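Hi everyone, thanks for coming. Could you pull up the sequence and the model on your screens?

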Amino acid sequence: MVNLTIDDKQVTAPKTATIYEAAKLNGVNIPILCHDKKLKPFGACRMCLVEVEQMKGRQIPACTTPVTEGMIIRTSTPDIIKARKMVLELLLLNHPLDCPVCDKAGDCDLQNLTYEYKVDSNRFADEKFHHQIDYNNPLIERDMNRCVLCGKCARICDEIVGFGALTFINRGIETKIGCEFEEGLNCEFCGSCISVCPVGSLLARPFKFKARFWSLTKQKSVCGYCGTGCNLTLGVKDNKVLTTLYDENQGFHNGQLCVRGRFGYQFINSDQRLTSPLIRTNGRLMECTWEEALTAVASRLTGGNSVAALATPRLTNEELFLFKKMMLDNVGSSNFDHSAGYAHAALTEGFSRSLGASASPATILDVQKTDLLLVVKTDSYETHPVIGFEINMGVKNKGIKLNIISDKRGKLSKLPGANTLVHSPGSEVAVLNAIAKSILDQKLTDGSASSIPGYAELEKALAAFTPEAVAASSGISADSIKKIAKDYASAEKALILFPVGQSYPGHNQEMASAVANLVILTGKIGKEGCGVLCMSEKSNSQGAVDMGFYAQNGGMNSLQILDACKNGTVKTLFIVGENPVVSYPNGANVKAALDAVDFLVVTELFMTDTAAMADVVLPACSFAEKEGTFTSTDRRVQYVKPAIRKDVKCKTDFEILSALITKLGGQAPSSPASVFAEIAANTSGYAGMSYINLQNNGAFAPVNVTPKLVASKAAPAVSAESGKLAMVTGSTLYHSGTLSQFGEGPMHVCPEAYVEMSRNDAARYKITEKDLVTVSSSTGSIKLKAKVTPRMPEGVVYIPYHFSETPVNAIWNGSAVTVVSIAK
Amino acid sequence: MNPITPIINGLSITLKHLFMKPVTLQYPDERPKVAARFRGLHALNVSHNKAKCVACYLCPTVCPAKCITVEAGEDDNHDKFAAKYEIDMLRCIFCGYCVEACPVDAIRMTGEFELANYHRKDFIYNKERLLEKK
C-alpha cells in the first residue's frame, strides 16, 4: 500500500493502482469515457486529467498513471475543469446532437458529463461525420458518427472476447472504428462492445426504440441458459423483459455475457408461450381449466413404479427437490432422471467414485489463478463462453499455459501459445489415460499418490495405455503426450476443464475418472488454482445432481425409462421441461416410446415437439417469473427472484407440483423458501444457506473430496470405413439446449443446423459452403447445409444438436462417434 | 350616518354598471377570445407532411399526470417516429410541461377548450386526432 493525498484527503491505495483506481477506491469520482475495470488502461479520452503537485502542475491522465508514495493529487481545480470542458467541446464538435432519438440517452457517459460540466455552447465549428450506419446487422447496430474513439469496443473484443472484430481504421481526423475490409460485423455477437460503449455508437438492435433507459426497471437475475451461472440485469418495462443491461460490478464475470445471455432473452415474453393448460380430447389438444388438467394428471400419477419422470435441469433446486419428493413419497416411484442420464454421469458416477463427491472440486475463479490449463475439447468455449472469456484473459494477461486435447480445433486453439493436440474422434479417454501412464513412467507423481487407494490397480490398468500404443490409435504423437504429461505434472498449479452435456456422450464417468486420476496422481487438488472443473450443461445441472434428481437405488435412468415406456412397464410419463424428441439420442426411438406410453404429461413454456405428443400440457414459467435457486457448475448457489409477474394463466413448476401433491393427498410446502430451508438442512455443502444470504453474490457449496484412483475404460477406437466419415455432435456457441430456439437473438445468428467439415473432405465430395448435403448413418438420414471450415480434421464432421427442424438424433443413436456417409 | 346614504351609494354603483359594457358572454352564441398562451387541447406539429415528433419519450417522462403514452417505431429510413401517441384528456391537467420538455417543438397547446364528450373512450386522443389541422 502507498500513502497519497487526493483532494486534500489522506488516503492509501494498493501499489499497483493507477490514480483513477486509487481515487475510485477512496470515493473520489474522476470523470472518464475510456475506462472499464476489466480492460487495461488506455488513455484515449483525456477526461480524467488531474494535477499532481510533484509533476509541477502538469495535467496528467489519471487512468494511466500509477500511484507513487506521497503523491499529492488534485482532481478538480479550475484549470482542470476548464480543460475537461474543452475536451467535451471538442468531442461534441463531431458528435451529433441526436440524443432524442439515440437509445443511449439516459445511460450515456458523454451526455452525463456534458450536463455535469454545463457544456451548453461550443467555441468551435466543424462538420459532423458522415459515416455509413450499419442497419443491416440483426443484433448490433453501428453508428460511427456518434463514436468518441475511446477504443473500449475494440479492446474488449480483443482482450476479453479474443475475437478482434473491431479495430481503429485510418488516422487523425479520419480515424474510425471498423471491421476488416470495412465490411459488416461477422463475429460472435456477444455484444460486449455494446455493453462498454460510452455513447450510442454500438446499440442492441433487438432493443432499438423499444424504451428509454430511464423507464426500465433493473431486475437482477441469473442467466437461465448454461451452467456458468452468469448474473444478468434484465431491463423490464410494462411487465416485459425488453433487454439485458450491463453492470460492470455484477458477478465473477463483471457483467460480461455471451450471445445467449445478452440476446437470448426474447423467449421470456414470446408470443408463442403456452397460456392455457391443454388436454387431449378426441385426438386433439384442447384448452381446459387448470382444475381439469391437474385432476387428470393426478389420477394417472398412481401405480408406483409404472410412473416415471424426466425433468430439465433448468428447474430451480426447490422445484427439483419437490419433484423428487413427490415422486418418492406421493407417487411411490423411483424412476426419475434428467439430461438423458449420461450427461450427468461424469458427476454422479465418475466423480462420486473417484473423488467421493458428485461435484467439481475447482471453481471458475480458479481459472485465473492457475499456471496451466488442460482443456478437453475446444468446445469448452462454445458450451460455456463466459468461462471461455476467463480462459482468454488468463492466457493473454497472466501467461497461463493452455493445453487442449480435442477432436477438432477451435477458438481456444487460436490463443497465444495454445498447444492443441487433435486426436481421432472418441479417443479422448485413451489420451487422458496415456497422459496418466506417462506421468507414472516419468515418475512425476506426487509423493503421496502411491498411498491413495486404487494406485496399484490403476498402474496395472494403465499398462495398455503407453503413449506409443495410444499414439497409434489416437493420431497424437507419443512425444506430445509425454510432453503434455510433463508440463502438467511439473506445473505448480494446474486445472483441467471439460464440458459435459447431452451432445457429449463420450464425456461420461470414464472421462471423469480419467481426469480425476491425473489430478490425484499429481496431487493437484485442494489447492487454489488446481483441480478439475466439469462444466455442466444447463443453468441448474449441478443443482439437479445435488438434489439427487437422477436414477438411484434401483430407479431407471432416462434411456431405460424410454425403453420401459415402449415395452409398457411405464404407463405414465411426466416430463417437465425436457424435449427428448429433439435432444435425446435416437429420435425415432424416443418418439416410439412417447407414442407407446399410456399417458404423457408435459409441462413446458412452448409447444415443443415433445409437448405436441402429450395427453396433458401444462403451461409453466421461465426463470424470469419465478423464485428459487440455481446451482452453477462450480457449485455457486444463487438466488433468482421474479423479474416480471407471470401470466395469470400460467403456473410455475413449483405451483404445479404443489397442487399435484395436494391432490395426491400429501402436504404441499408453503413457499420455495420453506423448501430451500429443507434443502439447506439435507444437502451436503448447502448448510447455513438461506435466501437472505444468497441475495447478493450467492455462496459456494463446499466440496469435500476423498480421492480414489479408479481405472477408466477407454472406448474402443472407431474403425474408419473407407468412404465414410466420423460424425461428432456438440453444442454450438449461439445455442444452449433446445430453449435458445425461442430466443430471437440466437436464431438471427444461427437459425438452423449445419454439418461442419474440413476443406479436404469438402473438396473430395465437391461440396461448397451452404450446399445442401444429405448425411446418413445406419439409423437414418438428414439434409443439412454444409459449413466448410479449416478447424475440422479430415474425416470428421460436426453437427450441433439444438434444432427441432433438423434434429441430429435422426442419425445419432447416442454413441460418441457415429459413422456417416455424405452425399450432395 | 344617514340610513339612506348607503342605499343610494349602492344603487348608484348598480346604475353605473347598467350603462357599462357587460363582462358576461352569451356562450355559445358568443365565442370567447382565447389568449395566445392559453393551454387547451394539444396538437402535434407537422412538418414535411409528417408529425415532427421523434418519439423521444420526454413528454411521458415529464408528465405529472402520466396521461401520455408513446410507442416508438422505426420508419423506412431507420428514423424514429411515434407509432403510437395518445393523451388521456381525463387525466391531463393541462400543465404544459410536455410542450416545455419537447426538444423538437413537436407538440403545442391550442386554444381549443371544448372537450366535453359522452364516453370515456372518446377522451383518449390518439395521434390521428392530435395532429394539427391545417
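I'll go through a buried lysine, a pair of helices, the contact between two chains and a small sheet.

One thing before we start: this is a predicted model.

Okay, find A:Lys437. It sits in helix H13 of chain A, which covers residues 428-441. Is this lysine buried or exposed? Let's count: A:Lys437 has 25 C-beta neighbours inside 10 Å, and the cut-off for buried is 20 or more, so it counts as buried. And which residues does it touch, once we leave aside its neighbours within four places in sequence? Those would be A:Leu462, A:Phe465, A:Thr466 and A:Pro467. Now jump to A:Asp479, which is 42 residues away from A:Lys437 along the chain. The C-alpha atoms of these two are separated by 13 Å.

Next, the helices. When two helices pack, people describe them by the angle between their axes and the distance between the axes. Here our pair is helix H8, residues 317-331, and helix H22, residues 653-663, both in chain A. Their angle is about 20°, and their axes are 9 Å apart. Angles under 35 degrees count as roughly parallel, so that's what we call H8(A) and H22(A). If you look at how H8(A) passes H22(A), the crossing is left-handed.

Who meets whom there? On the H8(A) side you'll find A:Glu318, A:Glu319, A:Leu322, A:Phe323, A:Met326 and A:Asn330. Facing them from H22(A) are A:Asp653, A:Phe654, A:Leu657, A:Leu660 and A:Ile661. Sorted by class, that contact has 7 nonpolar, 1 polar and 3 charged residues.

Let's move on to where the two chains touch. Chain B puts in 11 residues and chain A puts in 8. On the chain B side, strand S4, residues 68-74, supplies the largest share, with 3 residues. By class, the side of chain B that touches chain A splits into 6 nonpolar, 3 polar and 2 charged.

Stay with S4(B), please, since that strand also belongs to a sheet. The sheet is open, has 3 strands in the order S4-S5-S7 of chain B, and its pairing is antiparallel. Which strands stand at the edges? They're S4 and S7 of chain B, and each has a single partner strand, so one side of each is left without a neighbour in the sheet.

Last bit: S4(B) is joined to strand S5, residues 80-88 of chain B, by 7 bridges. For one residue pair to look up, try B:Ile68, which stands opposite B:Ile87 in S5(B).

Key: Residues numbered from 1 in each chain as written. Chains lettered and ligands numbered in written order. Predicted model: local features only at pLDDT ≥ 70, side-chain atom pairs only at ≥ 80, totals over all residues. Helix = DSSP H or I, 4+ residues; strand = E, 2+ residues; numbered from the N terminus. Buried ≥ 20, exposed ≤ 12 C-beta atoms within 10 Å, placed from the backbone. Contact = placed C-beta atoms within 7 Å. Axes fitted to C-alpha atoms, helices over the stretch in contact; angles between N-to-C directions. Parallel < 35°, antiparallel > 145°, perpendicular 65-115°, else oblique. Left-handed = near helix turned anticlockwise from the far one by under 90°. Nonpolar A, V, L, I, M, F, W, Y, C, P; charged D, E, K, R; others polar. Pairing = 2+ DSSP bridges.
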